[in-house]
Amino acid sequence: MRGALAVVGLVLSLFTPVTDSQTSSPPPGKITLDIKTINGSGCPAGTADASADVSSDNTSFTVHYNNFAAKAGNGASAVDGRKNCQINVLVHVPAGFTFAIAEADYSGFAHVAAGASALEQANYYFTGQAATARVPHPLTGPFDGQWTAKDVADVLVYAPCGLDRNLNINAEVRANAGTSDSGATSFIEMDSSHASVDTVYQFNWKQC
């Protein structure tokens, strides 16, 4: 199977939903954010951007990954088969507003041999709160091309009004050789060196 694969899943919230679900237009002015920490086997020091891009209309931000890939088969180790990257982001929110992450769109490239498999999954949480459930987005070989995946929040969980709470994003990619030929290599990657690969997180804004 060649070409792109689109998979859609729900981010299952572990939080109690806020009672006021009224949403508003994005706040005026330029929203900025800082990536405070980057940790994980898929993003060792120097392999992920130290900042992220906020869209001009304040509706989303983009995180860039470099060399974030898992591989299996042809001598790859078990460690090679699972890579994760946790990013801690502080969004500077104007007074009178708060935000939730409503949607996350992932994309990348993969080569999955016949008999092998791969997946991408992620979860999200504000510091001091429980994480959302992971929803796996699988690929089954044979596959060779660009993949896309979408997480959609079934319940919007907003940052507390008037408090700075960092947003944690923990993304993971896995590759499994399965029953593929011993000489075959399979991989799945999110790598911003490809112009068509972006990881985009959509804001949902609310007035406090």
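**Exercise 1. Surface and burial**

Task: State how much area this predicted model exposes, and what share carbon and sulfur atoms supply.

Solution:
- The protein exposes about 9500 Å².
- Carbon and sulfur atoms supply 52% of that area.
- Now turn to the residues. Buried means under 20% relative accessible area.
- By that cut-off, 47% of the 208 residues count as buried.

**Exercise 2. Elements and contacts**

Task: Count the helices and strands, then give the share of contacts that join residues at least 24 apart.

Solution:
- The protein has zero helices and 13 strands.
- Read from the N terminus, the elements are therefore a run of β, with no helix in between.
- Next, take contacts between residues at least 6 apart in sequence. Of these, 84% join residues at least 24 apart.

**Exercise 3. The open sheet**

Task: Give the strand order of the five-stranded open sheet and explain why strand 2 and strand 9 each have one side without a neighbour.

Solution:
- The order is 2-6-11-8-9, and the pairing is antiparallel.
- Strand 2 (32-39) and strand 9 (137-140) stand at the edges. Each has a single partner strand, so one side of each lacks a neighbour in the sheet.
- From one strand to the next, the twist averages 15°.
- Look inside the order. Strand 6 (residues 82-92) pairs with strand 11 (residues 167-176) over eight bridges, in the antiparallel sense.
- One register point is Asn84, whose bridge partner in strand 11 is Glu172.

**Exercise 4. Strand 13 and its partners**

Task: Is strand 13 mostly covered or mostly open, and which residues in it bridge to Phe61 and Phe99?

Solution:
- Strand 13 (residues 199-207) is mostly covered, with seven of its nine residues buried.
- Strand 4 (residues 60-63) runs antiparallel to strand 13, and four bridges join the two.
- Within strand 13, Phe61 has Tyr201 as its bridge partner.
- Strand 7 (residues 97-112) also pairs with strand 13 in the antiparallel sense, over eight bridges.
- Here Phe99 is matched with Trp205 of strand 13.

**Exercise 5. The nonpolar core**

Task: Which residues of the largest nonpolar core touch the most other members, and which strand gives the largest share?

Solution:
- The largest nonpolar core holds 43 residues.
- Phe61, Tyr65, Phe99, Tyr106, Trp147 and Tyr201 touch the most other members.
- Strand 7 gives the largest share of this core, seven residues.
- Tie this to the previous exercise. Phe61 and Tyr201 are both on the list of most-connected members, and they are also bridge partners.
- For background: in soluble globular proteins, nonpolar side chains tend to be buried together.

Terms used:
Residues are numbered from 1 along each chain as its sequence is written. This is a predicted model: local features need pLDDT of at least 70, side-chain atom pairs count only at pLDDT 80 or more; totals for chains, interfaces and linings use all residues. Side-chain values use heavy atoms; hydrogens and water are left out. Buried means under 20% relative accessible area, exposed over 50%, partly exposed in between (1.4 Å probe, protein chains only). Two strands pair if DSSP finds at least two bridges between them. Axes are lines fitted to C-alpha atoms, for helices over the stretch in contact, and angles run from 0 to 180 degrees between N-to-C directions. A nonpolar core is a set of buried Ala, Val, Leu, Ile, Met, Phe, Trp, Tyr and Cys residues joined through side-chain atoms within 4.5 Å. Contact means heavy atoms within 4.5 Å. Accessible areas come from the Shrake-Rupley method with a 1.4 Å probe; for residues, only the protein chains shown count as cover.
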